[in-house]
Every structure is written in structure tokens, then in C-alpha cells.
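Student: I am new to this structure and should be grateful for a close look at a single part of it. Please take one strand and explain how it is placed among its neighbours.

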Amino acid sequence: MSEESVAQHYSHGALEEQILGALLTIGVDPEHLEPDQLAPVDEFHIGGRIATVALVDQMDLYPGLRVLDVGSGLGGTARYLAQNHQVRVTGIDLTEEYVQVARSLTHRAGLAEQVRFHQGNATALPFDDHSFDRACMLHVGMNIADKQTLFAEVRRVLTEDGTFGLYDVMRTGTAEITYPVPWASTPATSFLTEPAHYRELLAKAGLSVAVERDRRDFGVAFFRQLRARIADSGPPTLGLNIVMGQDASAKVAIMIDNLERASIAPTEMICQPA
Ligand SMILES: C[S@@+](CC[C@H](N)C(=O)[O-])C[C@H]1O[C@@H](n2cnc3c(N)ncnc32)[C@H](O)[C@@H]1O
């Protein structure tokens with residue numbers, strides 16, 4: 001089953017322990033966290049927090065809305081939304097360890113009342129029809145072969161005037177993709193497809209793309225700055241290198257190479273019920 005292999009790819013074994021250790025090393029008390037202090041480690045997508053803000057600022061958010069975060073990872077986006085937009089967030093993720101760490105970090109950051117997490121599959125959402133006003137999904141579609149069912153599920157749980165913001169790595173060229181990359185160690189769990197195919201599948205699910213934005217240049221610039229910082233002062237104590245494990249630098253280097261060859265591009269789509 002590809003889902004099991006995906007969850008296995010992301011499972012770490014000692015993630016919470018290592019994040020809490022890194023927080024202590026940089027002088028942050030893990031029992032009284034400010035959500036922003038986690039941003040270097042809990043936004044697992046190209047561009048991190050900057051990319052999150054750029055996406056969600058297009059989603060017409062206001063206090064009290066019910067927001068679904070599909071593939072919520074360690075919960076960084078969910079906590080950002082709750083703290084900065086006063087919305088109630090539900091995250092769902094396949095990887096049990098991520099769900100546990102997301103819950104713990106959210107509790108430590110004092111946001112457990114506004115943010116909850118479920119373990120589950122985005123292609124079979126355990127939620128009622130029309131139970132969310134907004135949905136977002138950041139760097140998750142690359143792991144899901146059946147995007148048709150994924151989008152049908154997102155459409156089902158969204159209200160009629162809802163908005164779905166997605167930010168995925170998409171296929172933009174014909175050159176072969178090399179592995180490992182942060183979302184997959186081998187092609188067996190990587191299901192990249194083109195923006196046009198996303199639009200087609202979204203349309204079949206009843207979602208039309210109102211805004212689409214290729215973020216490749218932003219991604220390339222982001223990694224150039226990151227590399228310069230690492231060359232200057234070494235890998236960060238608190239960073240995604242913890243989440244990605246031993247071959248983190250190889251995964252990132254290969255992804256940058258794919259990005260610079262224009263084989264892939266992180267792409268935003270803001271969708272509305274058709
Ligand atoms: C690259 S991480 C991104 C996490 C988070 N959205 C973020 O940006 O920080 C991809 C996430 O998608 C989750 N995922 C992959 N396939 C999934 C599925 N079928 N259902 C739910 N979550 C899934 C993984 O467990 C992982 O947490």
C-alpha cells in the first residue's frame with residue numbers, strides 16, 4: 001500500500017525528543033512556547049512560513065471560520081492560522097508520529113482549544129459534508145496518487161462559499177526527476193503531476209481555480225539564501241534538517257537541482273466551488 005510507505009517515509013522515531021532538545025539548546029522553554037518559535041521546524045514546505053503567509057493571505061480568512069488543513073504535518077500552518085487569524089483549525093495527517101507531535105506542540109503553545117488533529121487519510125476524510133469554511137493543503141498532493149478522490153473529498157467537506165488553497169510541488173518539465181527528495185525517497189511514493197492536470201481533476205471535483213501562481217523563482221531564491229546562511233554559520237540547531245533525518249542535505253540538494261532544472265515548481269492554486 002503506498003499510504004503505508006508514505007507514512008513510513010515521514011516517520012522518524014524520536015522527532016518530539018529532538019525538537020524539544022533543540023529548543024532547549026537555543027534557550028527556548030518547551031513548556032511555554034510561542035507558536036512562532038517553532039516556525040523553523042514545523043513548516044515542511046518550500047519557503048516555510050513565508051510561503052504559508054503568501055498562500056493563506058489569499059483565502060479571505062476572518063475570526064471564527066472553520067478551517068481544514070489537509071496533510072497538516074507537525075501543525076505549523078494550523079497553529080499559524082489559529083493564532084494570527086483567530087480561526088478554528090482541524091488538521092488531518094496520515095503519519096501517526098506527526099499527529100502526536102503536532103498535538104504536543106500545540107498544547108505546549110497554548111492553542112489546544114483552537115486546533116485539533118486527526119490521524120487519517122485525505123482521500124477518506126472523517127468529516128461531515130460542508131463542515132469547513134476553508135481548506136488548505138501544503139505540499140501533500142505529491143504523495144497522493146488518487147488526486148481525483150482527494151479533491152472530491154475536499155469539495156464534499158467545504159461549504160458552498162468555501163475556499164480551498166493548495167500549494168504543491170508540481171511537474172513543469174520533462175527532464176527526469178531524481179531522488180531522494182524531501183517528500184519521497186524513491187519514485188514509488190511520488191505522484192507529481194502538471195498544473196493543467198490539477199486543474200482538470202479539481203474541475204471534475206467541482207472546484208474551479210480562481211488564482212494560480214508558479215512559485216519556482218521564489219523557491220530558488222529561498223534556497224539560495226538558505227545555502228548562504230548554512231555556508232556562513234552551519235546547519236540550524238532548530239530546522240527541517242531534524243525532520244528530514246540523516247539524508248536531509250542530500251534530499252534538499254536534489255530537490256534544488258530538480259527545481260533549478262525547471263522539472264518541478266511549487267505552485268499555488270486558490271479554488272472555489274464551481
Ligand atoms: C511535506 S509534508 C507537509 C506537511 C505540512 N502540510 C507542512 O507543510 O508543514 C507532507 C505531509 O503529507 C502527509 N500525507 C501524505 N499523504 C497523505 C494522505 N493520503 N492523507 C493525509 N496526509 C498525508 C504526510 O504524512 C506529511 O505530513
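Tutor: In β3, the residue that forms a bridge with Thr90 is Arg116. Helices and strands here are DSSP runs, numbered from the N terminus, with at least four residues (H or I) for a helix and at least two (E) for a strand. This is a predicted model, in which local features need pLDDT of at least 70 and side-chain atom pairs count only at pLDDT 80 or more, while totals for chains, interfaces and linings use all residues. Residues are numbered from 1 along each chain as its sequence is written.

The strands β2 and β3 run parallel and are joined by five bridges; two strands pair if DSSP finds at least two bridges between them. Strand β1 is also joined to β2 by five bridges, again in parallel, and there Val67 stands opposite Val89 in β2. The chain passes from β1 through α5 to β2 in a right-handed β-α-β crossover. A crossover is right-handed if, with the strands pointing away from the viewer, the path from the first strand over the helix to the second runs clockwise. A right-handed β-α-β unit is likewise made by β2, α6 and β3.

Of the six residues of β2, five are buried, which leaves the strand mostly covered. A residue is buried if 20 or more other C-beta atoms, placed from the backbone, lie within 10 Å of its own, exposed if 12 or fewer, and partly exposed in between.

The wider setting is an open sheet of seven strands with mixed pairing, in the order β3-β2-β1-β4-β5-β7-β6. Its edge strands, β3 and β6 (207-214), each pair on one side only. On average, neighbouring strands of this sheet are turned by 20 degrees against each other, direction ignored. Helix α5 packs on the sheet and touches β1 (66-70), β2, β3 and β4, its direction making about 175 degrees with that of β2. Helix α6 (residues 96-108) packs on the sheet too, touching β2 and β3, and its direction makes about 165 degrees with that of β3. Axes are lines fitted to C-alpha atoms, for helices over the stretch in contact, and angles run from 0 to 180 degrees between N-to-C directions. Two residues are in contact if their C-beta atoms, placed from the backbone, lie within 7 Å.

Beyond β3 (115-119), the loop that leads to β4 (132-138) contains Pro126. Pro126 is exposed, because 10 other C-beta atoms lie within 10 Å.
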